[in-house]
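Here's a quick tour for anyone meeting this structure for the first time. Have a look at the sequence and the model, then read on.

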Amino acid sequence: MGFLEVSIELLPEAIEFLENLDDKSREKIYYNIKKAQFVNDNELFKKLNDFIWEFRPLYNSKAYQLFSFWDRTDGKETLVVATHGILKKTQKTPIKEIKKAEKIKNNI
C-alpha cells in the first residue's frame, strides 16, 4: 500500500447504486471510498483495461464493484468513482459493464 491524496467524484448512477443498498453496506463502501483518497490498496482497486478500474469493496460476504477511471483534464488527478456499480456475482467482470463505464467516461 502506498500513500496518495486524490479527489474522488461520484457520478449520478454510482450515487443511485449506493443509495439503493442497505445502510450498513453503503456505510462500509463510503468508508472504503474515503480510505481510497489516501491509501492505494491493491485489495480495493484493480485495473480492468487501459482506462477503466474497478473499485471492489467487500462487505458481509458480498463483493460490490464500482467502475472508475482517472480524470486528469483539469491539471489534478481525480478518481471518478464511479461510473456505476453492480453486485459482483462471478469471478469474471461482465464485458458489457466495462463497455458501459467506457461510454460514460467518453461522454464526460
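## Two sides of a helix

Let's start on the outside: Lys 24, Glu 27, Tyr 31 and Lys 34 are exposed, and they sit on the face of helix 2 that is turned away from its buried side. Keep in mind that this is a predicted model.

Now for the other side. Helix 2 has Ser 25, Arg 26, Ile 29, Asn 32, Ile 33 and Ala 36 as its buried residues. They share one side of the helix because the arc they cover around the axis is only 125°. The general pattern helps here: an α-helix makes a turn every 3.6 residues, so residues three or four places apart point the same way.

## Length and start

Helix 2 runs over residues 23-36, and its 14 residues reach 20 Å from first C-alpha to last, close to the expected 20 Å. Where it starts, Asp 22 has a side-chain oxygen within 3.3 Å of the backbone nitrogen of Lys 24.

## The cores

Two of the buried helix residues turn up again in the largest nonpolar core, which has 13 residues: Ile 29 and Ile 33 are among those touching the most other members, as are Phe 17, Leu 18 and Phe 55. Helix 1, helix 2 and strand 7 each give this core two or more residues.

There's also a second, separate core of six residues, including Phe 69 and Ile 86.

## A ring pair

Which residues form the tilted pair? Phe 45 and Phe 55 do, with ring centres 5.1 Å apart and planes at 55°. Both are buried. Phe 45 belongs to strand 4 and Phe 55 to strand 5, so the pair ties together parts ten residues apart in sequence.

Terms used: Residues numbered from 1 in each chain as written. Predicted model: local features only at pLDDT ≥ 70, side-chain atom pairs only at ≥ 80, totals over all residues. Heavy atoms only, no water. Helix = DSSP H or I, 4+ residues; strand = E, 2+ residues; numbered from the N terminus. Expected span 1.5 Å × (residues − 1). Buried < 20%, exposed > 50% of the residue type's maximum accessible area, 1.4 Å probe, protein only. Arc of directions from axis to C-beta. Polar contact = N/O pair within 3.5 Å; in protein donor to acceptor, adjacent residues only side chain to side chain. Core = buried A, V, L, I, M, F, W, Y, C linked by side-chain atoms within 4.5 Å. Phe/Tyr/Trp six-rings, centres within 6.5 Å; stacked < 30°, edge-to-face > 60°.
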